Amino acid sequence: MNRRLEKHRIFDNVFKYITIFCALLILVIVLAISIELFLNSLPAIKEFGFSFLWSTDWNPVKEKFGAASSIYGTLVATFIAIIIAVPFSLVIALFLTEIAHPSIATPVGYAIELLAAIPSIIYGMWGVFILAPFMAEHIIPPLQSLFFFLPIFQGKVIGGQGIFTAGVVLAVMILPYLTSIMRDVFNMVSPQLKESAYGVGTTTWEVTRDILIPQGISGIIGGVFLSLGRAIGETMAVTFIIGNSHRFSFEIFREGNTISSTLANEFAEGADNPLFFGVLMELGLILFAITVIMQLLSHFWLKRYGVKT
Amino acid sequence: MGTKVKIMNIDSGNSKSLQEDEIKMEKTDDLDKLKIRLPDKDSSEDLDHQQENKDVKIKVEDLDFYYDDFQALYKNNLEIYSRKVSAIIGPSGCGKSTHLRVYNRIYELYRNQAAKGKVFLDGKNILDKSMDLMDLRRRVGMIFQKPTPFPMSVFDNVAYGLKLHYSLNRSQLEAKVEESLKLSALWDEVKDDLDKSANSLSGGQQQRLCIARAIALEPEVLLMDEPTSAIDPVATAKIEELIEQLKGQYTIVIVTHNMQQAARVSDYTAFFFKGYIVEFGKTDKMFTNPQKKKTEEYITGRFG
Amino acid sequence: MKKRSPLTRLVIDKIIKSLSIIAAIAGILILLIIIKDIFFKGINAIGFDFFTNNMRPPGVAGGGVKNAIYGTLMITLVSTLIGVPVGMMAGVYLSEYGRNTRFGKIIRFSLNIMMGIPSIIIGIFFFSIMIIPLGHGSGYVGAFALSVIMIPIITKTTEEMLKLTPDSLRESALALGIPKWKMIISILFRSSKSGLLTGILLAVARVSGETAPLIFTARYSQYWPDDLNRETANLTMTIYNYAGQPFDSMVETAWGAALLVMGAVLLLTIISRFIVSHGN
């Protein structure tokens, strides 16, 4: 009898330590990634210093590198994605919570969520072979003539590939996350508060604008940061579509690159050249840092509102 | 012997918090006793009514109410008199809030809720599709159990409805806000800082803010759904005092599970039971000499 | 007081409501369009050969992706074998041992960070610490990278599911003298079976569609994956490599593989949703 109890006690301890070990592994992996990225970036950091961030050079042969075109592409594509996706997700969430009958809202909501399940390389294929030509033929020319006065809208368009189209695909990719969070945010507003607003004689839009959105603003901000993080870190879809050009230009309809697309496209070559390798690692470090900050900010704001991530 | 019937707790009037309770119903002959009966025209009690020359502000005719397939209100017939306080009392789940929420059609926010019958406000049926819903809600204001300040400043809370329904310049707006806050006995407590967030007020103050918000729109009827059950006794007394002051100008219908409160503040009382109106009449008559056995049992605390 | 005409307000409300409906339709339409496009582009490649033949050199007809399918299955299997136990145990720790401890807080914070790490960074990490020393690609290293992506998903789901089970269940089991480890495995796991399974399926669906972590690790191969310790053929890298090729047949193969991957991932996702609603 005692032997059995003793055996169980040992098992219990072993089990506990296994779980602790696995939990610890999480911390270890995160630290390991951070350290490895940092250590490997040192050669590049030593060589270029802070000017790396705004230098537009990119010449592997001459060993002159700068992150500016990558950072610009990342920021602009993400910005385009956000300004398209946020209003869309807002009205879709409105549809799902205030307008549609529950029996319609459920399947529609689910269909939107399925957009998140599609692998990013599929978005890449679709984006470069189907969306980009469509953009080049039907969307970009009218935009260019409509906004002829905007310099960033000019430039020769090659097959629709470029920062803009990448931004559009990113918008579709982050839409399900934004919609899901906005929907949760709207649903979490107390029914009595909603009824009070309607009780004063408001329209649905007025309740949304004056009550739901202000009440849920922490959750909405959290959702935006979450989507920012995802868009910034997105690789495969962007790599296919953005054209991978390091020639820096402000024009958004032209080819460009993001940090993630550069990593995907050029890492193979970088392995031989230690400085190039360091540069790519530094880009990776920057990407890592930005996405981690976005993730933490998002978590902070979502928790403040009470939304479960 | 009885029949098992599924009855839902419908007091909150909110589909998101419904529960189903199985209660054994009394024998069928009790059901006859539950049928509605307004006082006969030539019974002695009516002399009091006739002398007071009251107007009927709201007249409910054969009102049925459904949550999905479940019927919550059965053939409600009721008259709410102008500039009087009418209380609706009854045990949990009897349909008090459900009934009240028909008066401003707030139940329509929920797709699975439906009302049948007629409800006349000054002679016009408010359940008719042609009724201007936003104006109805301006004329019939509602105050909820839990205070519901909008996420704005005190001033903006009161001004919100005003700006929607009326075109006023700044000074008119400020005057009206001040008037409403004075009428709801909140002005002195907030006048020094109208821009502070409404959420920073205490529960009782928030409730008075909600009343000010409703009054600002110059309503005719004020609906109060258990307005003091979520606030402390001192604040409750203040609000009951307020009701006393307001009734000269507005028709007030108050749902309460607190009988003493009903006895204190109301002129007329309706007793609901399982979706039926069992009895309706002058409050002091109802509490001292109830006509129906069920009413008497409730009032004396035999159940509920 | 002068009353305002509600007309403007009602018109604006109607417009916004219409926009909402249009947006919702647009959202569904985009999903359907993407699925339709991938389907029609890929269906031409799908045939008996597609599944039964290995890859042929560029330009040679009749190539299939049998080796890539097998490679993806193998890599996914290995990553699941690593990621699921580690993730579940970590989740068990957070729920059963570390609910309020300082260590638990640190781990949760790290978990949060881990969830935000882009998959390409994970790929680069493993490339740097394992592939460079190895000197060649490795399917195992690719599986490691994928398991790192799986772990936070499974940890989170496990923690949440376990937290949902009532304490009374734990207490009654322990009161019967059942040792803690057995209580967790036999009782808690069983009671949250469907939720845990959903988390696993979703994680598997997620990694089977991943490409970035494999670019530098498992890389690509046109041969049969008999040694996972070297470059391993897999579907997603096939898409990545073939899509840009000048040969039409290769591009067509890429589409076929894309259809296959998308179909499998969507199927897994829908199945896991099914388990949630009809589970236990």
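Q: How many residues does the contact between chain B and chain C take from each chain?
A: In this predicted model, 13 residues come from chain B and seven residues from chain C.

Q: How do I put a size on such an interface, and what area do chain B and chain C bury between them?
A: The general idea first: interface size is often quoted as the accessible area that is lost when the parts come together. Here chain B and chain C bury about 980 Å² between them, with 58% of it on carbon and sulfur atoms.

Q: Which side chains meet in a salt bridge between chain B and chain C?
A: In general, side chains of opposite charge can pair when their charged atoms come close. The rule finds one salt bridge across the interface of chain B and chain C. Its side chains belong to B:Asp135 and C:Lys3, at 2.5 Å from N to O.

Q: Let's try another pair of chains. What area is buried between chain A and chain C?
A: Here the buried area is about 6,800 Å², and carbon and sulfur atoms give 81% of it. The contact takes 75 residues from chain A and 79 residues from chain C.

Q: How many salt bridges are counted between chain A and chain C?
A: The count is two salt bridges. A:Glu206 forms a salt bridge with C:Arg9, and the closest N and O atoms are 2.8 Å apart.

Q: What does chain A itself look like, in helices and strands?
A: Chain A has 11 helices and two strands. Reading from the N terminus, the elements run α-β-β-α-α-α-α-α-α-α-α-α-α. The C-alpha atoms of chain A fill a box of roughly 70 × 65 × 35 Å, taken along the principal axes.

Q: At what angle do helix 1 of chain A and helix 3 of chain C cross?
A: Two numbers are used for packed helices in general: the angle between their axes and the distance between the axes. For helix 1 (residues 2-48) of chain A and helix 3 (residues 66-97) of chain C, the axes come within 7 Å and cross at roughly 105 degrees. Angles of 65 to 115 degrees count as roughly perpendicular, and these two helices are therefore roughly perpendicular to each other.

Q: Which residues make that contact between helix 1 of chain A and helix 3 of chain C?
A: Helix 1 of chain A contributes several residues, among them A:Phe15, A:Ile18, A:Cys22 and A:Ile26, while those of helix 3 of chain C include C:Val86, C:Met89, C:Tyr93 and C:Tyr97. By class, the contact has 13 nonpolar, one polar and one charged residues.

Q: Could we zoom in on a single residue: what does A:Ile130 touch?
A: A:Ile130 sits in helix 4 (residues 120-146) of chain A. Leaving out residues up to four places away in sequence, A:Ile130 touches A:Met125, C:Asp37, C:Lys41 and C:Trp255.Q: Now for sheets. In what order do the six strands of the open sheet in chain B stand?
A: As a general idea, strands of a sheet pair through backbone hydrogen bonds, either parallel or antiparallel. In this open sheet the order is 8-9-10-5-11-12, and the pairing is mixed. Strand 8 (140-143) and strand 12 (276-282) of chain B stand at the edges with a single partner strand each, so one side of each has no neighbour in the sheet. On average, neighbouring strands of this sheet are turned by 15 degrees against each other, direction ignored.

Q: How many bridges join strand 5 to strand 10 of chain B?
A: Four bridges join strand 5 (residues 85-89) to strand 10 (residues 251-255) of chain B, and the two run parallel. B:Val85 stands opposite B:Ile252 of strand 10.

Q: Which strands does helix 9 of chain B touch?
A: Helix 9 (residues 233-246) packs on the sheet and touches strand 5, strand 9 and strand 10 of chain B. The direction of helix 9 makes about 150 degrees with that of strand 10. Helix 8 (residues 203-215) of chain B lies across strand 8 and strand 9 (221-225), running at about 170 degrees to strand 8.

Q: What is the pairing in the open sheet of four strands in chain B?
A: The pairing there is antiparallel, with the strands in the order 4-3-6-7. Strand 4 (70-81) and strand 7 (124-125) of chain B are the edge strands, each pairing on one side only. Strand 3 (residues 56-67) and strand 6 (residues 113-121) of chain B pair over eight bridges, and the bridge partner of B:Asp64 is B:Lys116 in strand 6.

Q: Where in chain B are B:Asp122 and B:Lys57, which form a salt bridge?
A: B:Asp122 and B:Lys57 have their closest N and O atoms 2.9 Å apart. This pair links distant parts of the chain: B:Asp122 lies in the loop between strand 6 and strand 7, and B:Lys57 in strand 3, 65 residues apart. Over all chains, a search of the whole structure finds 33 salt bridges.

Definitions and conventions:
Residues are numbered from 1 along each chain as its sequence is written. Chains are lettered from A and ligands numbered from 1 in the order in which they are written. This is a predicted model: local features need pLDDT of at least 70, side-chain atom pairs count only at pLDDT 80 or more; totals for chains, interfaces and linings use all residues. Side-chain values use heavy atoms; hydrogens and water are left out. Two strands pair if DSSP finds at least two bridges between them. Axes are lines fitted to C-alpha atoms, for helices over the stretch in contact, and angles run from 0 to 180 degrees between N-to-C directions. Contact means heavy atoms within 4.5 Å. Angles under 35 degrees count as roughly parallel, over 145 as roughly antiparallel, 65 to 115 as roughly perpendicular and the rest as oblique. Ala, Val, Leu, Ile, Met, Phe, Trp, Tyr, Cys and Pro count as nonpolar, Asp, Glu, Lys and Arg as charged, and the others, Gly among them, as polar. Buried area is the accessible area (1.4 Å probe) that two parts lose on being put together, summed over both. A salt bridge is a side-chain nitrogen of Lys or Arg within 4 Å of a carboxyl oxygen of Asp or Glu.
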